[in-house]
Amino acid sequence: MKKSYFLLNKYTLSVLILLICLAADIILHKGMSRVLIPKSFTINRSPQYLKLREQPLVVANKKWSKAVNTVQKMEQLPAGTAGLEMDVYFDTSKNKLLVYHDSSESNHPFIEEILNVYKVRQLTASIWLDFKNLTPVNKEKSLRYISFLRQQYQLQNKVIVESSVPECLPAFCDSGFFTSYYTPFFNPYLLTEKQITSVIDTIAGNLTKYPASALSGYYFQYPMLKKFFPNYPVLIWAEKDRYSFVSNIFNYSLGSDTQVKIVLYP
């Protein structure tokens, strides 16, 4: 009797510990936890099937490396990496792209310095250019320069041009580039229904006038983008914690979702 009581308490304690660990995991990864739970967002808007500018893009697998913004990071990139992302700014005085995330960084290499390493190492990864300062003013010069890079480094069907300025993207589509509209920042889990419908209308209006090849945004935006723009591939960035049950389930769901074309990981 004592033995059975002991075993019962032992198993009860084990289950309790597991539940506490799971609760802590959910709290620590609450953003991912929210995404895993289906949400309607709003019943006042229907899915939008809008024109898509389909372009060929080599995607060996959807797990890509985020912020490969230095020569050192390119040197350290695993040889079999499917794709990588760079944060780029067009320097109008040099007519070249600088690579950095924000101005506080001390090192602002030109993209060719990094791509020379790519070429020497004979890498085959596709490249996502997060174009931070694409404007109607620098659009044509940027297009000519990126077209030159595509030829120089043998990047045919291997370049994504991403911008938050949708009116600049059609010119790149016309030149055979895969483009992505970086949607305005929003967290659908923190918005009112009125705000959610406004975001949907803004994105739909921009895509109606300026179709792109994909939509891109944060991982917590993806369920809403997926629901209301179902024919658009979604490119996202996310985090991964291999010791987290929630993170592993979440990233498995991204991997199995055919609408998610690419996931950037640090």
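Select Ile111 first and display what surrounds it in this predicted model: leaving aside neighbours within four places in sequence, Ile111 is in contact with Met86, Val88, Leu97, Val99, Leu129, Tyr145 and Leu149. With those residues shown, widen the selection to the largest nonpolar core, which has 65 residues and in which Ile111 is listed with Met74, Met86, Leu97 and Phe229 as having the most contacts inside the core. To see which element gives the largest share of this core, colour helix H7, from which six residues come. Apart from this core lies another one, of twelve residues, and Leu57, Ile160, Tyr182 and Trp237 are among them. As background to both selections, nonpolar side chains tend to be buried together in soluble globular proteins.

Return now to Ile111, since the next stop includes it. Ile111 is one of the residues that line the largest cavity, and the others to add to the selection are Leu115, Ile127, Leu129, Ile146, Leu149, Arg150, Leu155 and Val159. The space in this cavity comes to about 50 Å³, and the count of cavities of 30 Å³ or more is one. Three elements, namely helix H4 (111-120), strand E4 (126-131) and helix H5 (139-152), each supply at least two residues of the cavity lining, with H5 giving the most, three residues. Colouring the cavity lining by class shows eight nonpolar residues, no polar ones and one charged residue.

For the largest pocket, select Val35, Leu36, Ile37, Pro38 and Pro223, which are the closest to its centre of the 13 residues that line it. The volume of this pocket is about 230 Å³. Helix H2 (30-36), helix H8 (222-228) and helix H9 (245-256) can then be shown as ribbons, as each supplies at least two residues of the pocket lining, and H8 provides the largest share, four residues. When the same colouring by class is applied here, the pocket lining has nine nonpolar residues, one polar residue and three charged residues.

The last stop is Asn206, which is found in helix H7 (residues 193-209). Is Asn206 buried or exposed? Its relative accessible area is 17%, and because buried means under 20% on this scale, Asn206 counts as buried. To see what lies against this side chain's residue, add Pro166 and Tyr181 to the view, both of which Asn206 touches when residues up to four places away in sequence are not counted.

Notes: Residues are numbered from 1 along each chain as its sequence is written. This is a predicted model: local features need pLDDT of at least 70, side-chain atom pairs count only at pLDDT 80 or more; totals for chains, interfaces and linings use all residues. Side-chain values use heavy atoms; hydrogens and water are left out. On a 1 Å grid over the protein atoms alone, a cavity is a set of points where a 1.4 Å probe fits but cannot get out, and a pocket is an open set with protein on both sides within 12 Å along at least five of seven lines; lining residues have an atom within 4 Å of a point. Grid points are joined across faces, edges and corners, and a volume is the space filled by probe spheres set on the points. Ala, Val, Leu, Ile, Met, Phe, Trp, Tyr, Cys and Pro count as nonpolar, Asp, Glu, Lys and Arg as charged, and the others, Gly among them, as polar. Buried means under 20% relative accessible area, exposed over 50%, partly exposed in between (1.4 Å probe, protein chains only). Contact means heavy atoms within 4.5 Å. A nonpolar core is a set of buried Ala, Val, Leu, Ile, Met, Phe, Trp, Tyr and Cys residues joined through side-chain atoms within 4.5 Å.
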